[in-house]
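Colleague: Please take a close look at one part of this model for me, the site of the ligand, and describe it in one connected account. Which residues surround the ligand?

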Amino acid sequence: MVRRRVAIVISGRGSNMEALIAACRQPDYPAEIVHVVSNEPAAAGLAKAAAAGVPTTVIEHRRFAARADFDAALDRRLREVGAELVCHAGFMRILTVDYVEAWRDRLINIHPSLLPAFPGLDTHARAIAAGVRFSGCTAHFVRAKVDAGPIIAQAVVPVLPDDDAERLAARVLAAEHRLYPFALRLVADGRTRVVGDTVVVDGAAIPAVGLFSPLPD
Ligand code: GRF
């Protein structure tokens, strides 16, 4: 089995990164994590990656005068480590068109809402304020617009009457940790094809959203 070489880019805690690293330990998983890059030297995820034996690089965005210069340095590092696919996992940066287009359809992000609803920050508070009954998370190919791009997979979770942003975030995060490895597997297996603004998934049946969204008892 050929394993696709994947780099993960983070800014913080790195729990989605850990979920991807764990998935890649499965013998039949079609990807390996070759490197982790963080724009934040204080990101807790850096120590977690190192503990898991994954090499890391810090590229501190504050050291660059222009957004394009940081993105170019990131792009260079991703190429140096031989990444074929790049997973953004809690990477809190607005991206330049050049970077996004250089990695077109090889750059994946996870966002904690059912896109195109609630892109951007404060997702869970906004979902609660809107009174939606379901939220969830989305794994998607990255485009230059924030939290937009062809959807690879989504997971649904209920919004419960006594939820606050923190409780909803925790429920969604648990779904993210299952969804991201699932989506990366689809891409690494070569089962995804971008057609216009959407992703067509080839092959056998895709597990239904129910897999990720058990209703509360
Ligand atoms: C996740 O909720 C992710 O969807 C969002 O930022 C959070 C990052 O968490 N983009 P972690 O760093 O993966 O723990």
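Modeller: The helices and strands I name are DSSP runs, at least four residues long for a helix and at least two for a strand, and they are numbered from the N terminus. The model is a predicted one, and what follows should be read with that in mind.

The ligand is surrounded by Arg 13, Gly 14, Ser 15, Asn 16, Gly 90, Ile 110, His 111, Pro 112 and Glu 176. Sorted by class, this shell holds two charged, five polar and two nonpolar residues. Two elements, α1 (15-24) and β5 (107-111), each supply at least two residues of the shell.

Polar contacts with the ligand involve both side chains and backbone. An N or O atom in the side chain of Ser 15 is 2.5 Å from an oxygen atom of the ligand, and a polar side-chain atom of Glu 176 likewise lies 2.5 Å from a ligand oxygen. At Ile 110 the partner is a polar backbone atom, which is 3.4 Å from a nitrogen atom of the ligand. Taken alone, the ligand exposes 360 Å², and the protein buries 85% of that area.

Widening the view from the shell, the space that the ligand takes is the largest pocket, whose volume is about 870 Å³. This pocket is lined by 36 residues, and those nearest its centre are Gly 90, Met 92, Ile 110, His 111 and Pro 112. Two or more lining residues come from each of α1, β5, α5 (123-130) and α6 (165-188), with α6 giving the most, namely six residues. The lining as a whole comprises 16 nonpolar, twelve polar and eight charged residues.

Two backbone details deserve attention in the loop that joins two of these lining elements, β5 and α5. Pro 116 lies in that loop between β5 and α5, and the peptide bond leading to it from Leu 115 is cis, with omega near 10°. Phe 118 lies in the loop between β5 and α5 as well, and it has a positive phi of about 55° although it is not a glycine.

Taken together, then, the picture is of a ligand in the largest pocket, with side-chain atoms of Ser 15 and Glu 176 and a backbone atom of Ile 110 as its polar partners, and with α1 and β5 contributing both to its shell and to the lining of the pocket.

Technical notes:
Residues numbered from 1 in each chain as written. Predicted model: local features only at pLDDT ≥ 70, side-chain atom pairs only at ≥ 80, totals over all residues. Heavy atoms only, no water. Near = heavy atom within 4 Å. Polar contact = N/O pair within 3.5 Å; in protein donor to acceptor, adjacent residues only side chain to side chain. Areas by Shrake-Rupley, 256 points an atom, 1.4 Å probe, with all protein chains shown as cover. 1 Å grid on protein atoms, 1.4 Å probe; cavity = no way out; pocket = protein on both sides within 12 Å on 5 of 7 lines; lining within 4 Å. Sits in = over half its atoms within 2 Å of the grid points. Nonpolar A, V, L, I, M, F, W, Y, C, P; charged D, E, K, R; others polar. Points joined across faces, edges and corners; volume = space filled by probe spheres on them.
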